[in-house]
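Here is a walk through one protein chain, from its overall build to its cores and then to some local details. Keep the structure open while reading.

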Amino acid sequence: MFTIKWNGDSVTILDQRLLPKKEVYNTYRHYRDVADSIRNMETRGAPAIGITAAMGIALAAQNVSFKNVDGFREEMNRVCDAFAATRPTAVNLFAAITRMKNIIAQGNDPAAVRQLLEKEAMAVYNEDIEANKAMGKNGSKYISDGDVVMTHCNAGALATGGYGTALGVIRAAVEQGKKIKVFACETRPYLQGARLTAWELLNDKIPVTLITDSMSGHFMRTGVIKKVIVGADRVAANGDVANKIGTYNHAVLAKENGIPFYVAAPLSTLDPATKSGEDIIIEERGIEEVAFVMDQQIAPEGISIRNPAFDVTPAKYVTAIITEKGVIENPATQGITKFLKS
Ligand code: MRU
C-alpha cells in the first residue's frame with residue numbers, strides 16, 4: 001500500500017474515498033487532476049496534501065506552455081495558486097507550495113527549474129517519512145506497555161508520505177515490543193477513523209477497536225482509555241492546535257479525566273506566523289457530508305446544516321506536542337516559537 005507516488009511523468013494516488021471496500025489507485029498526468037484529488041478528498045491528511053501539491057507542481061512544470069522564462073514563472077505561479085485554493089486549513093499545503101515557489105522564483109532556465117522542482121517534491125515526500133519515524137521515536141516514550149490509546153481521524157500512513165504522525169508514535173511503541181490497544185473514533189462526518197484508521201491498523205495487525213465519537217467520554221471516565229494521541233493540521237504560535245472536527249471535545253474530556261492528550265505534528269505543521277487558533281481558517285465543507293452517511297440520506301430534505309471540517313483545541317488542553325526535532329511539553333506555557341528557534 002502507498003498513499004502517493006511520483007512516476008517521473010505522472011502521479012499515482014490511492015483513492016481514499018473508496019476505502020476500506022476497494023483499494024484503487026488513480027494515475028494523473030495533468031496537474032489539475034492532482035489538485036482536484038486534494039479538493040475532493042481522494043487524498044487527504046495535512047502532510048499528504050502538501051506532498052501531493054509538491055508533486056502536482058513538479059508535474060505541471062513538465063507541461064506548461066510558455067514563451068520565455070518570465071512566462072514560465074507566471075504560468076507556474078498560477079499553478080501554485082490553483083493548489084493553494086484547494087483546502088485552507090492544513091498549513092503543510094502552503095509550506096510545500098512555498099518551497100516550490102522559491103525554486104520557481106530563483107531559476108532562469110525552465111529546463112533546470114523543472115528538474116529542481118522534481119527534486120524538491122521528492123524531498124518534501126522523503127523528509128516527511130523521515131520526520132514521522134523520528135516523531136515515532138520521540139513520542140513512543142509516552143506510551144506504556146499495556147496502554148489503551150485513543151486517536152481521532154486518521155493521522156497514519158494514509159495521511160502522510162508513510163508511517164504516520166500519531167499512528168507513527170503508536171507504530172514505534174509497538175515496534176519496541178509494547179502491547180498497545182488503539183481505540184479509533186469513527187470521526188463523523190467523513191469517517192476517517194472508521195474507514196481509514198481502522199483499515200490501516202488492521203492491515204498492520206495492531207489491535208484496534210472502533211468507537212463512535214460520542215463514546216470517548218464514557219471510555220475515559222471508566223478508566224479504559226489511558227492516553228489520547230492525535231495529529232494536527234496547523235499549530236499556531238501559542239500552541240493552539242487545529243485538527244479534525246471533534247478533537248476539541250476529546251481534549252476537554254481528557255483534561256477532565258486526567259488523561260494525557262498528545263499531538264504528533266511534524267515541523268511542517270507548525271505555523272509560528274499564525275498567532276493563535278483564532279486566526280486559523282476552518283474549512284467548511286458540503287452539507288451532504290452531514291445529511292448522508294455514505295450514500296444513505298439520514299436528515300430531512302431542506303434542513304439547515306453546518307459542516308466545519310476542523311476545530312481548534314486551545315493549548316491548555318495539550319499535554320505535549322511531539323515533533324521530529326523534539327517535544328514541546330506543556331505548550332500553553334511557552335508556545336512553539338522558542339522551541340523552533342532553539
Ligand atoms: O479532512 P482530512 O481528512 O484531511 O483531515 C485530516 C486530519 O485532520 C488529520 O488529523 C491531520 O491532517 C493530521 S494527519 C497526519
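**From fold to detail**

Among contacts in the protein chain between residues at least 6 apart in sequence, 73% join residues at least 24 apart. The model is predicted. Its secondary structure comes to twelve helices and 16 strands. The radius of gyration of the protein chain is 20 Å, close to the 20 Å that the globule rule gives for 342 residues, so the chain is as compact as a globular protein of that length. Along the principal axes, the C-alpha atoms fill a box of roughly 65 × 55 × 40 Å. Of the 342 residues, 56% are buried. The chain exposes about 14500 Å², and carbon and sulfur atoms supply 52% of that area.

Next, the interior. The largest nonpolar core has 40 residues. Those with the most contacts inside this core are Val-11, Met-55, Ile-57, Met-76, Phe-83 and Leu-117. Two strands, S1 (4-6) and S2 (11-14), each give two or more residues to this core, and so do the helices H1 (31-39), H2 (46-63), H3 (69-84), H4 (91-106) and H5 (110-140). Helix H2 gives the most, with twelve residues. Ile-57 shows the packing at one position. Leaving out residues up to four places away in sequence, Ile-57 touches Met-76, Val-79, Cys-80, Phe-83, Ile-97, Met-100 and Ile-104. A second, separate core has 25 residues, including Ile-225, Val-235, Phe-261 and Ile-336.

Thr-43 sits in the loop between H1 and H2. Is Thr-43 buried or exposed? Its relative accessibility is 0%, and residues under 20% count as buried, so Thr-43 is buried. Apart from neighbours within four places in sequence, Thr-43 is in contact with Thr-3, Ile-4, Ile-13, Gln-16, Ser-37, Ile-38, Ala-48, Ile-49 and Thr-52.

Now move along the chain to helix H6, residues 166-175. This helix is mostly covered, with eight of its ten residues buried. The buried residues are Ala-166, Leu-167, Gly-168, Val-169, Ile-170, Arg-171, Ala-172 and Ala-173. Arg-171 is thus listed among the buried residues of H6. What covers the buried residues of this helix? The cover includes helices H5 and H7 (192-203). It also includes strands S4 (148-151), S5 (181-185), S7 (227-230) and S10 (261-264). Just after H6, Gly-177 takes a positive phi of about 95 degrees.

Strand S5 holds Cys-185. With a relative accessibility of 0%, Cys-185 counts as buried. Its C-alpha atom is separated by 13 Å from that of Leu-167, and the two residues are 18 residues apart along the chain. Not counting residues up to four places away in sequence, Cys-185 touches Met-150, Thr-151, His-152, Cys-153, Gly-193, Ala-194, Leu-210, Ile-211, Asp-213 and His-250.

One of those contacts, Cys-153, has a backbone feature of its own. Cys-153 is not a glycine, yet has a positive phi of about 65 degrees. This residue lies in the loop between S4 and H6. Cys-153 counts as buried because its relative accessibility is 7%, under the 20% cut-off.

Asn-330 also has a positive phi, of about 45 degrees, although it is not a glycine. Asn-330 lies in the loop between strand S16 (327-329) and helix H11 (331-334). Its relative accessible area is 40%, so Asn-330 is partly exposed.

Where are the cis peptide bonds described here? One runs from Leu-19 to Pro-20, with omega near 5 degrees. Pro-20 is placed in the loop between S2 and strand S3 (25-28). Another runs from Arg-188 to Pro-189, with omega near 0 degrees. Pro-189 belongs to the loop between S5 and H7.

Finish at the surface. Val-293, Met-294 and Ile-298 make a nonpolar surface patch of about 270 Å². Met-294 is placed in the loop between strand S12 (292-293) and strand S13 (296-297). Met-294 counts as exposed because its relative accessibility is 51%, over the 50% cut-off.

Technical notes:
Residues numbered from 1 in each chain as written. Predicted model: local features only at pLDDT ≥ 70, side-chain atom pairs only at ≥ 80, totals over all residues. Heavy atoms only, no water. Patch = residues over 30% accessible without salt bridge, like charges linked within 9 Å, V, L, I, M, F, W, Y side chains within 5 Å. Areas by Shrake-Rupley, 256 points an atom, 1.4 Å probe, with all protein chains shown as cover. Salt bridge = Lys/Arg side-chain N within 4 Å of Asp/Glu carboxyl O. Helix = DSSP H or I, 4+ residues; strand = E, 2+ residues; numbered from the N terminus. Buried < 20%, exposed > 50% of the residue type's maximum accessible area, 1.4 Å probe, protein only. Core = buried A, V, L, I, M, F, W, Y, C linked by side-chain atoms within 4.5 Å. Contact = heavy atoms within 4.5 Å. Rg over C-alpha atoms; globule rule 2.2 N^0.38 Å.
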